[in-house]
Number of protein chains: 2
Amino acid sequence: MTTVETPVETPGTPAGGVSPRRGPQTVRLGIGQLRIDVDDPAGTWHAVEQTAARAAAEGVELLVLPELAACGYVFADHAEALARSEDLDGPTVAAYRELSRRHGLVLAAGFAERGEAGRVHNSALLVEDGELRAVYRKAHLWDAEKLYFTPGSAPAPVVDTRVGRLGLMICYDLEFPEFVRDVALRGAEVLLAPSNWPTEHSPGPGLVAETIKSQANAACNRIWMVVADRTGVERGQHWVGGSMVCDPLGAIVTEPVLGREGWLVADLDLARARDKTVTSRNHAFGDRRPELYGGILSP
Amino acid sequence: MTTVETPVETPGTPAGGVSPRRGPQTVRLGIGQLRIDVDDPAGTWHAVEQTAARAAAEGVELLVLPELAACGYVFADHAEALARSEDLDGPTVAAYRELSRRHGLVLAAGFAERGEAGRVHNSALLVEDGELRAVYRKAHLWDAEKLYFTPGSAPAPVVDTRVGRLGLMICYDLEFPEFVRDVALRGAEVLLAPSNWPTEHSPGPGLVAETIKSQANAACNRIWMVVADRTGVERGQHWVGGSMVCDPLGAIVTEPVLGREGWLVADLDLARARDKTVTSRNHAFGDRRPELYGGILSP
């Protein structure tokens, strides 16, 4: 696919911050917290379409949908995941592109990607006005995903779009702060994370363990952090529904919509994510001591 | 100083978790949230002594005191910091060793360390039953510290003690998750962080921005996270008083004592920090993809 952009090679600029870039300072974001069901493909896709239309009607420029939003998550086995997967020329990617074109959206969302030699990847794409800008294969697989999917072998993409420089990863990836740091150093202003958060790991009603990590990721890197979670019960699996937006100080700026379908809108001031100033003498990236971090590359 | 241990070289053991180690499973920790004042050295040190005695009386085995607890924080300039600094043979280190010996404590606490050629370091030591086990020089300096102190040039130490394998760093270091990851991969079960958190960076009453990062550090690495903060007003500078203990899932297990002197006690089950199991198929370290993290070593 010649339209797929490889990760933008933009080394961090520790001393002076991210280089100036044309584009809007404020972006209207929408998150569709969808009910997704591997046993109801039509209903699942209908929700995607309805959400894209609603986004356009409400002036949203950047829409983020959950992990595997196109096909569902709870596969029985590899064979079922393979059967539901498609390559980048398949109808799902085409349909995402068409939604993006029709509604004038930059759109991030998940799907099961058919790879080479019968492999299936838990992937997310980024489309802009009909054009496929990036595809990312989840690098850190969660639990039974290891039975169905082959992990990706590339860092997460960072892509310049008309709504800012966007990083893209998926769910459990966020629990690896070194992976997040990498996209932030490449200048991501907003990190989009299509997700499926299972309820078993929620520490209690109204609490989501993963939110802490998302907030810290935002705050340590001074980026906007966007999690598009899902809801519903799928083959007995319950889901949190913990979609959220964290500002570059780590504050959650959206009201949580736990345990049900939801629609979240937030205006993101990208300038806040370009400024890595912590104090007059501190800079979130410039204060790093990479010469002391080599130990974390040990296998 | 032949008694100072260099960082324990214990590569992470991704597949099988941290190697078995003899020692207690549960350790009683005490945190002295002290009023520290550079203009009241006698009162400041008196509080240190009182806290060590209290710790012993309450069965505490591991005592953590704030950053620069021996001398105060708000120096006027480098000359004053230099005047208050001492080398490892000076009376402050001797006094910390004696407190540790007398009360049977493993003790972590801060002091201004005189280095070579007129340099001063914002340092923390770890003493065990009178023996100096490690000295750490803060690698990430906060704000005006850059005017007085020379940053350290070594990774944070990880030391085997009778109360577990302990990591040691200072305050702003915690905002660099790659630095924390490094000590966790070397097997630290408890990360001790003598700190001084200024109020300007608190997002609101009862809230401390740094707690989120500490919780995430604990949760991502499945370690106990201990912050010994300070209180008081020092030359016009107000301090949060945000001492806390996070368990290996990132939950705060101590009641906060904000804005005043405080004493926190918690029992730490070290076995919880040795088990990096996330699910039956997930391991906090084994799931890492170090081959994808090389970008974060770029300067």
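## Cavities

In what follows, Ala, Val, Leu, Ile, Met, Phe, Trp, Tyr, Cys and Pro count as nonpolar, Asp, Glu, Lys and Arg as charged, and the others, Gly among them, as polar. On that scheme, the lining of the largest cavity in this predicted model divides into eight nonpolar, three polar and two charged residues. The cavity holds about 100 Å³ of space, and 13 residues line it. Those nearest its centre are Pro177(A), Ala216(A), Asn217(A), Pro177(B) and Ala216(B). Two elements give two or more residues to this lining, namely α6 (209–221) of chain A and α6 (209–221) of chain B. The most comes from α6(A), which gives five residues.

How many cavities of 30 Å³ or more are there in the whole structure? The search finds six. The second largest cavity has about 80 Å³ of space. Chain A supplies Tyr172(A), Glu175(A), Phe176(A) and Lys213(A) to its lining, while Arg181(B), Ala219(B), Cys220(B), Arg222(B), Val278(B) and Ala284(B) come from chain B. By class, the lining of the second largest cavity has six nonpolar residues, no polar ones and four charged ones. Its charged members are Glu175(A), Lys213(A), Arg181(B) and Arg222(B).

## Relation of the two chains

Chain B is superposed on chain A by a rotation of 180 degrees with 0.0 Å of shift along the axis, at an RMSD of 0.0 Å. The two copies are therefore related as by a two-fold rotation axis. Both copies use the same surface, since 100% of the contact residues of chain B recur in chain A.

Gln215(B) gives a local view of helix α6 of chain B, where this residue is found. Is Gln215(B) buried or exposed? The relative accessible area of Gln215(B) is 11%, so this residue counts as buried, the limit being under 20%. Beyond its neighbours within four places in sequence, Gln215(B) is in contact with Ile212(A) from the other chain. Within chain B, the contacts of Gln215(B) on the same terms are Met244(B), Cys246(B), Gly250(B) and Ile252(B).

## Chain A: make-up and packing

Chain A contains seven helices and 15 strands. Of its 299 residues, 62% are buried. Among contacts in chain A between residues at least 6 apart in sequence, 72% join residues at least 24 apart.

One residue on the exposed side of the scale is Ala83(A), with a relative accessibility of 59%. Ala83(A) is found in helix α2 of chain A, which covers residues 78–84. The C-alpha atom of Ala83(A) is separated by 9.4 Å from that of Val120(A), although the two residues are 37 apart along the chain.

## Salt bridges

The count over all chains comes to 48 salt bridges. In chain A, one of them joins the side chains of Asp160(A) and Arg165(A), with 2.9 Å from N to O. The two partners fall into separate accessibility classes: Asp160(A) is partly exposed at 26%, whereas Arg165(A) is buried at 7%. Another bridge in chain A, at 2.8 Å from N to O, pairs Arg289(A) with Glu291(A). Here Arg289(A) is buried, with a relative accessible area of 14%, and Glu291(A) is exposed, with 55%.

Which residue forms a salt bridge with Asp182(B)? The partner is Arg186(B), at 2.6 Å from N to O. Asp182(B) has a relative accessibility of 5% and is buried. Arg186(B) is likewise buried, at 8%. Because buried means under 20% relative accessible area, both ends of this bridge fall in that class.

Salt bridges also link residues into a network in chain A. Its members are Asp39(A), Glu80(A), Arg84(A) and Arg235(A).

Notes
Residues numbered from 1 in each chain as written. Chains lettered and ligands numbered in written order. Predicted model: local features only at pLDDT ≥ 70, side-chain atom pairs only at ≥ 80, totals over all residues. Heavy atoms only, no water. 1 Å grid on protein atoms, 1.4 Å probe; cavity = no way out; pocket = protein on both sides within 12 Å on 5 of 7 lines; lining within 4 Å. Points joined across faces, edges and corners; volume = space filled by probe spheres on them. Helix = DSSP H or I, 4+ residues; strand = E, 2+ residues; numbered from the N terminus. Salt bridge = Lys/Arg side-chain N within 4 Å of Asp/Glu carboxyl O. Buried < 20%, exposed > 50% of the residue type's maximum accessible area, 1.4 Å probe, protein only. Least-squares fit on C-alpha atoms with pLDDT ≥ 70 in both. Contact = heavy atoms within 4.5 Å.
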